[in-house]
Amino acid sequence: MVDVNNAVATLVTSSDTLFILLGAIMVLAMHAGFAFLELGTVRGKNQVNALVKIITDFAVSTLAYFFFGYCLAYGQSFMSGAHTLVANHGFDLTKFFFLLTFAAAIPAIVSGGIAERARFYPMLTCSFLIVGLVYPLFEGIAWNGRFGVQEWLQGQFGAAFHDFAGSVVVHAVGGWIGLVAVILLGTRRGRVRNGQTVGFAPSNIPMLALGAWILIVGWFGFNVMSAQKLSAISGLVAVNSLMAMVGGTLVALLLGRNDPGFIHNGPLAGLVAVCAGSDLMHPVGALVVGGVASAIFILVFTWLQRKPKIDDVLGVWPLHGLCGAWGGIAAGIFGSEALGGMGGVSFMSQLIGTLMGVAIAVIGALIIYGIMAKVVGLRLSQEEEHEGADLAIHKISATAHEVQL
């Protein structure tokens, strides 16, 4: 006779395992979006480097997170027999895989800011240290209640810090880490001529657009599957993500004056911002949050183009750092019942949690990148930068050049 209870339990755990595995695969695919977005934005002599950085950063992030980061954030190690790891259909392993794809987004975000002048192996080493030590410190605070911070916020303000899918934990942290790296690296050579800041046009708009579309599609796994269990799935998260993306696109169309770079980054800004409160907001609130995020990105990125000391190639600080921080704070505004949200959030908790994430990101990045800069240096030589990272580092260009016989 079939044990119905055991059969149901098996079905639930196997379904949850498949659910979160599919989410991990969708977010893994987003890393291709990071790669092509960067490839399409940088100059032709740095396209190979953009592709190589994303996949190798993911590889070292996996090692850092498996051996150090995940344990720091959640107190769980996988250094036991496979017969133990396979319990519950390996749900804990697939959860690690899913959260790894979030952790590995940190160096993928940074990569876009430091493009075209960063040394390869020193930055790869920094990626390992950040994913293994800095990122999981705040991840553990926000998502696992480490160090009693969430309990304190709950007691003081009636609600803990809420970040459903990582506006602050992933994006703001990654963006502010990226800002530190960008400042320490300095400006690309040739960007300032005769005292004037010169902008470098994107090398390949179709590739840039492809990267944006891959990210947009994968984001619905990033957000919806942050529920981590099939029973917790919410269509509200999906529609809020959609509305924020649409709001970001339309504001970019208006403020960006038909610029395709802005139009394809606008939806990403909206999606960054909605992550935190996507499970709480009304869809109209998500539309507003996404639109505001797009405006933040365009206005700040445009301002940065006139600031030669901050050469953020893809605008990762405004896109992820500022829009992510806006998303964390916006969850405390538009998540409230007064504005049609689900409630259960506190503006002060959101503000404090967001500022804490920014502080940990900046301090951690200053330590890691600062030490690396002093010990071995972060930047390519003037000759290597002029030649381009593709030939200087990888000894090959993105497109073959026919030799006339």
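Contact here means heavy atoms within 4.5 Å. With that in hand, the predicted model can be read from the whole chain down to single residues. Take the pairs in contact that sit at least 6 apart in sequence: 80% of them join residues at least 24 apart.

As for the overall fold, the protein chain has 16 helices and two strands. Its radius of gyration is 21 Å, close to the 22 Å that the globule rule gives for 405 residues, so the chain is as compact as a globular protein of that length. Laid along its principal axes, the C-alpha trace spans about 80 × 50 × 40 Å. Some 54% of the 405 residues count as buried. What remains accessible adds up to about 16,900 Å², and carbon and sulfur atoms own 68% of that surface. On the charge side, there are 19 positive and 20 negative charges, and their mean positions lie 13 Å apart.

Helix H5, residues 105–113, is a good place to look for cover, since nine of its nine residues are buried. The buried set runs over Ala105, Ile106, Pro107, Ala108, Ile109, Val110, Ser111, Gly112 and Gly113. One of these, Ile109, turns up again among the residues touched by His320.

His320 itself belongs to helix H13. Its relative accessible area is 6%, and since buried means under 20%, His320 counts as buried. Its side chain makes a polar contact with the side chain of His171, at 3.1 Å. Setting aside residues up to four places away in sequence, His320 also touches Phe34, Ile109, Ala172, Gly175, Val272 and Ala325, along with His171.

Trp326 is in H13 too, a helix that covers residues 316–334. At 17% relative accessible area, Trp326 is buried as well. Val289 is a recurring partner here: the side chain of Trp326 reaches the backbone oxygen of Val289 at 3.1 Å. The two residues are 37 apart along the chain, with their C-alpha atoms separated by 8.3 Å. Once neighbours within four places in sequence are left aside, Trp326 is in contact with Ala273, Val289, Val292, Ala293, Ile296 and Phe334.

Moving to the loops, Ala165 sits between helix H7 (149–157) and helix H8 (167–185). Despite the loop setting, Ala165 is buried, with a relative accessible area of 0%. Its contacts, not counting residues up to four places away in sequence, are with Phe102, Trp143, Phe222, Asn223, Ser226, Cys275 and Ala276. The C-alpha atom of Ala165 is 9.3 Å from that of Val272, a residue 107 places away along the chain. Val272 is also one of the residues that His320 touches.

Two other loop residues deserve a quick look for their backbone angles. Most residues other than glycine have a negative phi. Phe147 is not a glycine, yet its phi is positive, at about 65°. It lies in the loop between helix H6 (120–144) and H7. Gln228, likewise not a glycine, has a positive phi of about 70°, and its place is the loop between helix H9 (205–224) and helix H10 (235–255). On exposure the pair part ways: Phe147 counts as exposed at 59% relative accessibility, whereas Gln228 counts as buried at 19%.

Definitions and conventions
Residues numbered from 1 in each chain as written. Heavy atoms only, no water. Helix = DSSP H or I, 4+ residues; strand = E, 2+ residues; numbered from the N terminus. Rg over C-alpha atoms; globule rule 2.2 N^0.38 Å. Buried < 20%, exposed > 50% of the residue type's maximum accessible area, 1.4 Å probe, protein only. Areas by Shrake-Rupley, 256 points an atom, 1.4 Å probe, with all protein chains shown as cover. Lys, Arg positive; Asp, Glu negative; His and termini not counted. Charge placed at Lys NZ, Arg CZ, Asp CG, Glu CD. Polar contact = N/O pair within 3.5 Å; in protein donor to acceptor, adjacent residues only side chain to side chain.
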